[in-house]
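Let's take a walk through this one, with the rings and the strands as our guides. Have the viewer open and follow along.

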Amino acid sequence: MEGRKMSRNKNIKRLVVVPILGTALALTQLSGSAFAAGAKFDLAGFAKAFNAAGYDQVADGINRADNPPLTLADGSTFRLSKKISDKIKAGKAFNYVESIQSNGIALFSPQYMIGYKASCNIAKKFGPINCKEVAPNPAGPTQQVAQIQALLNTGQIDCLSIEPTDSNSLTDITNAAMKKGIPVFTVGVSTNGNEFTNWTQIPDKEGLFAAKTLLAWMKKTGTELTVFSATGGDTTQYWAQNRMAGFEKGIKAAIPNAVFINSASSNQLNVSYDPATTYDAYKALLAGQPKLQFILSVDIGAEHATRAVHDAGLDGKVFTMGWNVSKGQLDGIEAGTQVAALDQGWAQQSAFGAAACMAYLHTGRVAPNTQHLIPISKSNLDAARVAFNKLTGANN
């Protein structure tokens, strides 16, 4: 799946451009462009509205929006479609589309929908926008590309946000849209496309952050761990491999004699995204590895690892950590088995596209990648529950 070299993913701060309408003039000289109305657009108020709604990382990106270089990642130049430019100058609504890899993934899909709806509602208060979300079910890059292509073919996209299935499969459609003069932003997964901004975390740094979080907990609690397992729902993914690798690197730097039963480089354990299958995989892992002391899930599986630990009677002997937020993970932290949940902000990721598109088309300013992990542990568990319940409408 990762057929190409992924060196560009090591630094997601990608080169982006301001649109050029006929000549390579600086943005401040484009008084006749789509951005002529920029002075009327309240960029600061726009960011403030997102912050007030709890989308602080999105607001941070808007606040830091600036005029980028004139060259795309592959060296080409972007020119905003005249059709889109004319819409903005006429004060008409532009068509914003969000494409995500599936609308049927547990935890992920509902939280993405929440962010999408919230961002469009905020954006509509500052300018006309038509919002549309598309997602295949089940997930699949071919289906996702086909959905985007159908909308491009019928002129239904003026600005696009993509949460890709993986780092490569949406590259061609991203670049094709940019060639048509349609601004594209990507979120959630590091990519190799020409998009303006890839708004997500950097996988190897996430892994190192996870190691740092665990090591701090070990020191605070006086817990000694030497036998680890790094796992994932899809270990073929670039981000999964690099989260695991970063975690192993961070742990071994502090614990030279650490043993990894499963890692990115050896004996990968792919537990799937299905709750029942994931639980069974962790149950088997615990039964077959009596010396195991810690399980890392680099995506949504930690709550099932925690449940398997409890059902095996290993509470206090085996510990877990995972990405994202769920009731099961919060309960696991409260029980003391799960050390932390690393929230990558799915709703924030989903909210970025509408904000970035509105800000860009009205001001020509590109919001940079400002996203970061939010660690949840016992110290901030109560606040995390309140935030999670508010986000999902749950009561737990």
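F228 and F260 are both buried. Keep in mind that we're looking at a predicted model. These two rings make an aromatic pair, and it's a stacked one: the centres sit 5.2 Å apart, with 15 degrees between the planes. F228 belongs to strand β6 (residues 227-232) and F260 to strand β7 (residues 259-262), so their pairing ties together parts that are 32 residues apart in sequence.

That's one of 16 aromatic pairs in the structure. If you like your rings in groups, go and find F78, F185, F196, W199, F352 and Y360, which together form one aromatic cluster. Another ring to look at is Y279: R307 lies over its face, 4.1 Å from the ring centre.

Now back to β6, and on to its neighbour. β6 pairs with β9 in the parallel sense, over 4 bridges. To find your place, pick out T231, whose bridge partner in β9 is S297.

Strand β9 covers residues 294-297, and its side chains split two ways: F294 and L296 point to one side, I295 and S297 to the other. Which of them are buried or exposed? All four residues, F294, I295, L296 and S297, turn out to be buried.

From β9 you can step across to strand β10 (residues 319-323), which runs parallel to β9 and is joined to it by 3 bridges. Here I295 has T320 in β10 as its bridge partner. To get from β9 to β10, the chain passes through helix α10 (residues 302-311), and this β-α-β crossover is right-handed.

Methods:
Residues numbered from 1 in each chain as written. Predicted model: local features only at pLDDT ≥ 70, side-chain atom pairs only at ≥ 80, totals over all residues. Heavy atoms only, no water. Phe/Tyr/Trp six-rings, centres within 6.5 Å; stacked < 30°, edge-to-face > 60°. Buried < 20%, exposed > 50% of the residue type's maximum accessible area, 1.4 Å probe, protein only. Lys NZ or Arg CZ within 6 Å of the ring centre and 35° of its normal. Pairing = 2+ DSSP bridges. Right-handed = clockwise from strand over helix to strand, strands pointing away.
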